[in-house]
Amino acid sequence: MSEISAGLVKELRELTGLGFMECKKALAEAGGDLKKAEELLRIKSGAKATKAASRIAAEGVIGAWLSADGKLGALVELNCETDFVAKNEEFIAFSKSLAEIVATRNPKEAQELGSLDLLGTKVEAKRQALVQKIGENMTIRRFKRLQARGKLALYLHGTKIGVLVDYDGPEELGKDLAMHVAFARPAYLDRSEVPQEVAADERRIQEARAKESGKPAEIVAKMVEGAVNKFLSERTLLGQPFVKDDKQTVEKVLAARKGKVNGYAFLVVGEGIEKAPQVH
């Protein structure tokens, strides 16, 4: 078998939060296959599911725009190289202008956005001019747009997290829901949105873990059901414990306040991008 590289071990440690030797041993057992090694560790050590979303990397801001009637909104991630530039007023203003263009013009991709006009200048030309003026590279990484069936709530956590929630109900509920999404970052609205393969993979992992416990079959079955249900609840907005009262799920809060979530969108600066190591 080929030698397991330190880089591969490091990547597995970041995915699972486990120690160097545990990760190296799992990779050796899996023949260097990262995905198989992660599954082995989750089965044997109860390692947490991958949380690539927490690996904040690039600097930048989330630009946001919401129409006066609360029916249309957009979020844009504008990246730069340093946090210093992320605080630049012109850079922040550019991100807000981009969000308005995304909402009102509805481009489908970043290249199309770059070709649109911004105060008589193409967006891409404006970006290049800012790069030359500020002296640092910047990229329009991605954006999300929501057209509300009910009304939109916008929440910004500083300049690094932006949330839009399409909801029905009192205004205070919309604010609470948007804040919850910023905190809990649900991957799906409810269980019906969870892809079958995601749920099936989790069930297979939990079955393997439960069997290693050596407990009777009926106990194993209950352990698996409990673990899968917990997994699905943690990843769905309606199933998550509400950020302001963890004794209740978001679904129960909605029922109590006679509200409904029609959809949501959020962006986190640098989500999923590996940050370059600092040189001292």
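Trainee: Which residue follows helix 2, and what is its phi?

Mentor: That's G31, with a positive phi, near 65°. Keep in mind that this is a predicted model, where local features need pLDDT of at least 70, side-chain atom pairs count only at pLDDT 80 or more, and totals for chains, interfaces and linings use all residues. Residues are numbered from 1 along each chain as its sequence is written, and side-chain values use heavy atoms, with hydrogens and water left out.

Trainee: What makes a stretch count as a helix or a strand?

Mentor: Both are DSSP runs, numbered from the N terminus: H or I over at least four residues for a helix, E over at least two for a strand. By that rule the chain has 11 helices and 10 strands.

Trainee: Which residues of helix 2 are buried?

Mentor: In helix 2, residues 20–29, they are C23, A26 and L27. Buried means under 20% relative accessible area, exposed means over 50%, and partly exposed is in between (1.4 Å probe, protein chains only).

Trainee: Why do we say that the buried residues of helix 2 line one face?

Mentor: Look down the axis of helix 2: the buried residues fall within an arc of 100°, so they line one face. The arc is taken from the directions that run from the helix axis to the C-beta atoms. On the other side of helix 2, M21 and K25 are exposed. As background, an α-helix has 3.6 residues a turn, so residues three or four places apart point the same way.

Trainee: Why is K87 called exposed?

Mentor: K87 has a relative accessible area of 59%, and the cut-off for exposed is over 50%, so the label fits. You'll find K87 in the loop between helix 4 and helix 5.

Trainee: And why is N106 called partly exposed?

Mentor: N106 has a relative accessible area of 27%, which falls between 20% and 50%, so partly exposed is the right word. N106 sits in the loop between helix 5 and helix 6, and has a positive phi, near 55°, without being a glycine.

Trainee: How do helix 5 and helix 7 run relative to each other, and how do you know?

Mentor: Helix 5 (89–105) and helix 7 (123–134) pack at an angle of about 170°, with axes 11 Å apart. That makes them roughly antiparallel, because angles over 145 degrees get that name (under 35 is roughly parallel, 65 to 115 roughly perpendicular, the rest oblique). The axes are lines fitted to C-alpha atoms over the stretch in contact, and angles run from 0 to 180 degrees between N-to-C directions.

Trainee: What kinds of residue make up the contact of helix 5 with helix 7?

Mentor: Seven nonpolar, no polar and four charged. Ala, Val, Leu, Ile, Met, Phe, Trp, Tyr, Cys and Pro count as nonpolar, Asp, Glu, Lys and Arg as charged, and the others, Gly among them, as polar. Among the helix 5 residues are F94 and L98, and among those of helix 7 are V123 and L130. Contact means heavy atoms within 4.5 Å.

Trainee: What makes a group of residues a nonpolar core?

Mentor: Its members are buried Ala, Val, Leu, Ile, Met, Phe, Trp, Tyr and Cys residues, joined through side-chain atoms within 4.5 Å. The largest one here has 23 residues, and F94, L98, L113, V123 and I140 touch the most other members. Helix 5 gives the most to this core, with seven residues.
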